[in-house]
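This report goes through a sheet, some aromatic contacts and a pair of helices. Please keep the sequence and the 3D view at hand while reading.

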Amino acid sequence: MNSGEDELIRLLLKRQSELNSLLELTRAINKNIATPVLIQMLEVICRNYLQIGKLRFLIAEGNNYICISKYGGQFEPTGELYKACKHLKKIKEPAALQGVSHPVLEAYDFFIPIYQKNKAIAYALIGDFNSPDDMVSNDINFMQTIINVVLVALENKKLFKQRLESERLQREMELAAEMQSMLIPVKGYADDHIDLSARYLPHQNVGGDYFDFIQVNDHEYLWCIADVSGKGISAALLMANFQASLRAWVSVEDDLPTIVERLNKIVLRNTKGEKFITLFIAIYNHSTRKLTYVNAGHNPAILYANGSAVQLKMGTTIIGAFDELPFINPGELQIEPGALIFNYTDGLLDRETDTTKIWNEERLMTCVKKNGKLTAEKFNQAILNHIDNNVKAKPIDDITVLTLKFK
């Protein structure tokens, strides 16, 4: 057998070994092998097959680079490795480092950059490289192929994880929306004493809006409107617990400040101060026509009567933020026939762009005075129509409106 045949056989065996290495790596990737094991396989191929004595492998992670594989020689800080690779930013293909004057790069034989859409996504530095001279080019190309295969696998793992996270978040939002819809008690109510209408307009993200209406006894009605900080399933669960607590205390306690104090302790105990609730809550006695209310850091409800509109601001601070509420100053009013109370959450005023010149509390008060003689249902529609016709910016949160007309 002549030397030419020997060379051919050696080359064929080399190719067979390369194919076997790629096959093993591909099988491992298809089995979704863990990232550390995948990196170990890369290192085994580099050490045992390509005879690479020293390796540093950096990949892009957001705006930074991390070193995911290193062996051989004295380890350098990742920052120094990155700066050394950036020193070669004009090099787009694998290159020998002989003659390069740099304190870090002098310890390596080859530099392999990986670019994607003109952006460097990975760098490899190879040292103590014992490949035969006639096979160096082949081995460097194979090394580049292996690195690309590993990078694709890592990117697929990242995309798969992101998809799972997206699906989990989507399901969480669906569950939160289902819970929230179950917590909305009524859209309308009417009897000889009051006329109530409510609208809930969910945003694309499930927010923490909540309202409730309870006929406490033959003479009294209680209602509230609230906004829980945060979104998603945690906000929905807090709302569900809040509703259960509110209804439980209303059944045994008729003093509004005491109910608010109890609710504050319950929310604080459940959330450890990490979430809070703004709340407007009121009790109306149709026999005495007396209204008692507490505004706990919420958008003030608006009382319309005889052509005038006033904000109901008496009360306390947000609930769930303090062990003890620093003060509670309930408001008390006599409600005249034909009066109207408009309750809303901050989503009614908040928009994607600055619309404060065309839509704010002052303009809302003007709308209330203009439409205060309407029925509760027609009043809500008039407010929402005004926004649709005059405020083009999209809302950034859920919108809840709750209107009561007193007979």
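## Basis

Two strands are taken as paired if DSSP finds at least two bridges between them. The model described here is predicted.

## The five-stranded sheet

Five strands make up an open sheet in the order β2-β1-β5-β4-β3, and their pairing is antiparallel. The edge strands are β2 and β3 (95–96), each of which pairs on one side only.

Strand β1 (residues 52–61) is mostly covered, with eight of its 10 residues buried. Seven bridges connect β1 to strand β5 (residues 119–129), and the two run antiparallel. One position in this pairing is L55, which stands opposite I126 in β5. Strand β2 (residues 64–71) is also joined to β1 by seven bridges and runs antiparallel to β1. Here F57 has S69 of β2 as its bridge partner.

## The β1–β2 turn

β1 and β2 form a hairpin, with two residues between the strands. G62 lies in the turn and has a positive phi of about 70°.

In a regular strand, side chains alternate between the two faces of the sheet. This is a general point to keep in mind when viewing the strands.

## Aromatic pairs around F213

The structure contains 14 aromatic pairs. One of them is formed by Y189 and F213, with 5.0 Å centre to centre and 45° between the planes. This pair is tilted, because its angle is neither under 30 degrees, the limit for stacked, nor over 60, the limit for edge-to-face. The pair links distant parts of the chain: Y189 belongs to strand β6 (residues 188–190) and F213 to strand β8 (residues 209–215), 24 residues apart.

F213 also pairs with Y221. Their rings are stacked, at 5.9 Å centre to centre and 20° between the planes.

Which of these three rings are buried, and which are partly exposed? Y189 has a relative accessible area of 23%, so Y189 is partly exposed. F213 counts as buried because its relative accessibility is 8%. Y221 is buried as well, at 1% relative accessibility. The cut-off behind these labels is 20% relative accessible area, under which a residue counts as buried.

## Other ring contacts

Y65, Y82, F111 and Y123 are linked into a cluster by ring pairs.

Two tyrosine rings have a charged group over them. The charged end of R47 sits over the ring of Y71, 3.8 Å from the ring centre. The charged end of K54 sits over the ring of Y108, 4.7 Å from the ring centre.

## Helices α7 and α8

Helix α7 (residues 361–371) and helix α8 (residues 376–390) have axes that come within 10 Å and cross at roughly 140°. That angle makes α7 oblique to α8, because only angles over 145 degrees count as roughly antiparallel. The crossing of α7 past α8 is right-handed.

How values were computed: Residues are numbered from 1 along each chain as its sequence is written. This is a predicted model: local features need pLDDT of at least 70, side-chain atom pairs count only at pLDDT 80 or more; totals for chains, interfaces and linings use all residues. Side-chain values use heavy atoms; hydrogens and water are left out. Rings of Phe, Tyr and Trp (its six-membered ring) pair if their centres lie within 6.5 Å; planes under 30 degrees apart count as stacked, over 60 as edge-to-face and the rest as tilted. Helices (H or I, at least four residues) and strands (E, at least two) are DSSP runs, numbered from the N terminus. Buried means under 20% relative accessible area, exposed over 50%, partly exposed in between (1.4 Å probe, protein chains only). A charge sits over a ring if NZ of Lys or CZ of Arg is within 6 Å of the ring centre and within 35 degrees of the ring normal. Axes are lines fitted to C-alpha atoms, for helices over the stretch in contact, and angles run from 0 to 180 degrees between N-to-C directions. Angles under 35 degrees count as roughly parallel, over 145 as roughly antiparallel, 65 to 115 as roughly perpendicular and the rest as oblique. A crossing is left-handed if the near helix is turned anticlockwise from the far one by less than a right angle, and right-handed if clockwise.
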